[in-house]
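Reader: Hey, could you walk me through this one? I'd like to start with the ligand.
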Amino acid sequence: MARITERASWPALQEHGREWEGVRLRDLFEADPDRFRRHHRTFADALLVDWSKQPVTDRTLDHLLTLAREADVPGAIRRLLDGERVNVTEDRPALHTALRAAPGTSIEVDGEDVVPEVMATRRRMAEMAAAIHSGEWTGATGRPIRHVVNIGIGGSDLGPAMVCRALADQAKPGIRVHFLSNIDGRHLEAVLAEVEPAETLFIVASKSFGTQETLTNARSARTWLLEQLSGSDATEVVRRHFVAVSANTAAATEFGIDAENVLAFRDWVGGRYSLWSAIGLPIVLYLGAEAFEDLLAGARAMDEHFGSAELAENLPVILGLIGVWNNDILGQETHAILPYDEALGLLPAYLQQGDMESNGKRVTLEGVPVDYPTGMVVWGGSGTNGQHAFFQLLHQGTRIVPADFIAVAEPPHDHPEHHRVLLSHFFAQTRALMRGKDADEARAELQEKGLDAERVEALVPHQVLEGNRPSTTLLLRRHDPWNLGALVALYEHRIYVESVLWGTNAFDQWGVEFGKQTASRVLPHLEAGAAPGLFDTSTEGLMERALRWQEAD
Ligand code: F6P
């Protein structure tokens, strides 16, 4: 896999990048009334994707599509969807798409059709949900389950947490869901303070079943529950209040979870792509099996689009190409995710892991260091709050931040006026970022306020907005599992397309281990006292100071 800079089409792309110097998006709109029509598509009458406020023309897309063909993006899409071992460093497929397969289809991994197992897990989750919703599954004291606590971190937390928050208005009555992820004891305390012990089911979610935070939280939760339900048989308490989800089922049973309460998924599902697997159990328990099936169906529809649409009509491909264009040609290093929807408040955090853990890579699949930027810094926050926080920089800062604006057209609540105001800002902000306000417009506005000429000239430079701030608008028709599934799958595939163009592996995350290894060397010295000479003076000094303050406490 060549480095992107070695592609034959790269010099022409760079040259085209230079031609963008001084081009104003607002002029492109004024010169071409057809711009929006050509640079947006509506997917399944459910999701409109508009990239017309991105710094691209048909020629730009032609250059980018040439690059995509040269990088064999169609082949890469095929290899992903067919279950080939695209995750070369872990020698595995990345088959999160198989998790949302339709009943009756077949997808083979090493000659084994994996769909029956996927379906069996979905049925098992639905059965668990039915037993809990009907009250058949009770706690050790006979009380119905009213609280579900998912104990997991990263991909074993962010996905289900994001979906449950996004669709909370469609939750099953009588069930509350909680997410415990941080090792900070206050997170444990805060979650346990929210739940009724006898009515709580804990899900210990961990692909590896080796993550320190998750296992420590699970042990503490188990100790707490056994104390709270000390009148009940301990084995029965664990059997009725603890289930596990993992690709390492042996470790889950060794931890003490009943084998019948362990739901499995395969190691060819990446953590950050796992919400569609048994890791989605909190979603099924909170929203119901039907909602989960709709979520899968929306994602499956996007998979089918990804697998069949021509490159020039393929939404994940187009967004991936624009991502590389902004990042590697125009030099924009961050990417803002701005959901104008309170319920989608966890989407930026979810995509931070999805994108940065996938594309934060410095070598190609062959281990060759890259000489170009790869994964962007992904950040974000909900609209309109962001407007009163960081939008100043988006409009007048020296950094250009490509941003995704995401909203829902149909109001998901009974406050139509609020929704109109929300959407007015949503539509206005991408226009204001694109158009900006030049000196003449600023001057005219100041003059209209009746300021004297000297004051006007003094303020004009402060009021100018350069504009040309790129954005993609993703407008969902309505707030439902299907639409959300399609949206998330769009991002998953966009992230993959970028990795194909960069020649990097989107499915491993070796870089996360060293920090953890270092923590396991530090920990004993926080228990038994610092041992000089083992670490650098800063680390030792900090540890020593913390230990002394703790002792003095
Ligand atoms: O440390 C990063 C990571 O491995 C993520 O990739 C993963 O989603 C998370 O930790 C949790 O891992 P697990 O599901 O194995 O507990």
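Author: Here is a short chat about the ligand and the pocket around it.
Author: This is a predicted model, where local features need pLDDT of at least 70, side-chain atom pairs count only at pLDDT 80 or more, and totals for chains, interfaces and linings use all residues. Residues are numbered from 1 along each chain as its sequence is written, and side-chain values use heavy atoms, with hydrogens and water left out.
Reader: Cool. Which residues come nearest to the ligand?
Author: Ser156, Ser206, Ser208, Thr211 and Lys516, out of 14 residues around the ligand. Being around it takes a heavy atom within 4 Å.
Reader: And what class are those shell residues?
Author: Two are nonpolar, nine polar and three charged. Here Ala, Val, Leu, Ile, Met, Phe, Trp, Tyr, Cys and Pro count as nonpolar, Asp, Glu, Lys and Arg as charged, and the others, Gly among them, as polar.
Reader: How far is the side chain of Ser206 from the ligand?
Author: A polar side-chain atom of Ser206 is 2.6 Å from a ligand oxygen. For Ser156, a side-chain N or O atom is also 2.6 Å from an oxygen of the ligand. At Gly155 a polar backbone atom does the job, 2.8 Å from a ligand oxygen.Reader: How much of the ligand does the protein bury?
Author: The protein buries 87% of the 390 Å² that the ligand exposes when taken alone. Those areas come from the Shrake-Rupley method with a 1.4 Å probe, and for residues only the protein chains shown count as cover.

How values were computed
A polar contact is a pair of N or O atoms within 3.5 Å; within protein, one must be able to donate a hydrogen and the other to accept it, and residues adjacent in sequence count only if both atoms are side-chain atoms.
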